[in-house]
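Subject: The structure you asked for

Hi,

Here is the structure I promised to pass on. Open it up and keep it beside you while you read, and then I'll walk you through what I found.

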Amino acid sequence: TLRTALNLFFKLKNYKTAGSFARRLLELGPKPEVAQQTRKILQACDKNPTDEHQLLYDEHNPFDVCAASYTPIYKGAECESAPLSGAKYLPKFKGEVCRVDRVSQIGKSTAGLKIRRKVR
């Protein structure tokens with residue numbers, strides 16, 4: 001959850017990203033005790049808005065997560081998908097078996113189930 005991510009990033013000293021998570025959490029209107037703790041974390045993050053660990057993450061750019069490498073695939077970037085599960089993958093995983101459904105081949109196009117009416 002967002003609260004878990006906030007606490008983890010704060011402990012990892014990624015204050016800039018933790019501050020972003022805190023603002024998003026406060027926008028959701030959490031319980032008063034959660035909001036109070038979140039405001040305290042946000043104040044601490046605003047004093048030193050730096051990240052100790054660099055991440056492959058851009059909070060302003062929508063993305064899917066690669067089901068194999070767990071890295072972001074940003075909007076507009078090339079990606080492959082599994083036909084059954086719809087899971088997204090980086091192009092280097094094309095042709096492998098889907099890690100989600102363990103049945104379909106990544107990047108393979110399928111027509112789906114076709115039902116034909118018998119004509120007499």
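A word you'll need straight away: helices and strands here are DSSP runs, with at least four residues for a helix and at least two for a strand, and they are numbered from the N terminus. Lys-13 is a handy place to try that out, since Lys-13 sits in the loop between helix 1 (2-11) and helix 2 (15-27). Please keep in mind that this is a predicted model.

**The overall picture**

Counting everything up, the protein has 3 helices and 4 strands. Reading from the N terminus, the order is α-α-α-β-β-β-β. The radius of gyration is 21 Å, well over the 14 Å that the globule rule gives for 120 residues, so the protein is more spread out than a compact globule. You can also see this in the C-alpha trace, which spans about 75 × 35 × 25 Å along its principal axes.

How many of the residues are buried? Of the 120 residues, 26% count as buried. The exposed surface comes to about 9100 Å², and carbon and sulfur atoms supply 52% of that. Among contacts with a separation of 6 or more, 33% are between residues 24 or more positions apart. As for charges, there are 22 positive and 12 negative ones, and their mean positions are 10 Å apart.

**Among the helices**

Start with Ala-18, which is in helix 2. Is Ala-18 buried or exposed? Its relative accessible area is 0%, so Ala-18 is buried. Leaving out residues up to four places away in sequence, Ala-18 touches Leu-6, Phe-9, Phe-10 and Cys-45. Ala-18 and Leu-42 are 24 residues apart along the chain, while their C-alpha atoms are separated by 7.6 Å.

Now go to Thr-38, in helix 3 (residues 32-47). With a relative accessible area of 2%, Thr-38 is buried. Not counting neighbours within four places in sequence, Thr-38 is in contact with Leu-6, Ala-22, Leu-25 and Leu-26. Leu-6 is worth clicking on, as it turns up in the contacts of Ala-18 and in those of Thr-38.

At the start of the chain, Thr-1 is in the segment before helix 1. Thr-1 has a relative accessible area of 77%, so this residue is exposed. Thr-1 and Ala-82 are 81 residues apart along the chain, and their C-alpha atoms are separated by 26 Å.

**The aromatic rings**

There are 6 aromatic pairs in the structure. One of them is Phe-63 with Tyr-74: the ring centres are 5.6 Å apart and the planes are at 65°, so this pair is edge-to-face. The pair links distant parts of the chain, with Phe-63 in strand 1 (residues 63-65) and Tyr-74 in strand 2 (residues 72-74), 11 residues apart.

How exposed are these two? Phe-63 is partly exposed, with a relative accessible area of 34%, and Tyr-74 also counts as partly exposed, at 21%. The cut-off for buried is under 20%, so Tyr-74 does not count as buried. Both rings belong to one aromatic cluster, made up of Phe-9, Phe-21, Tyr-57, Phe-63 and Tyr-74.

**Two backbone angles to look at**

Most residues other than glycine have a negative phi. Back in its loop, Lys-13 has a positive phi, near 65°. Lys-13 counts as partly exposed, with 41% relative accessibility.

Tyr-70 is another non-glycine residue with a positive phi, about 55°. You'll find Tyr-70 in the loop between strand 1 and strand 2. Its relative accessible area is 65%, so Tyr-70 is exposed.

**After the last strand**

Finally, have a look at Val-97, in the segment after strand 4 (88-89). Setting aside neighbours within four places in sequence, Val-97 is in contact with Arg-102, Val-103, Ser-104 and Ile-106. Val-97 and Phe-63 are 34 residues apart in sequence, and 22 Å apart in space from C-alpha to C-alpha.

Have fun turning it around on screen!

Cheers

Methods: Residues numbered from 1 in each chain as written. Predicted model: local features only at pLDDT ≥ 70, side-chain atom pairs only at ≥ 80, totals over all residues. Heavy atoms only, no water. Rg over C-alpha atoms; globule rule 2.2 N^0.38 Å. Buried < 20%, exposed > 50% of the residue type's maximum accessible area, 1.4 Å probe, protein only. Contact = heavy atoms within 4.5 Å. Areas by Shrake-Rupley, 256 points an atom, 1.4 Å probe, with all protein chains shown as cover. Lys, Arg positive; Asp, Glu negative; His and termini not counted. Charge placed at Lys NZ, Arg CZ, Asp CG, Glu CD. Phe/Tyr/Trp six-rings, centres within 6.5 Å; stacked < 30°, edge-to-face > 60°.
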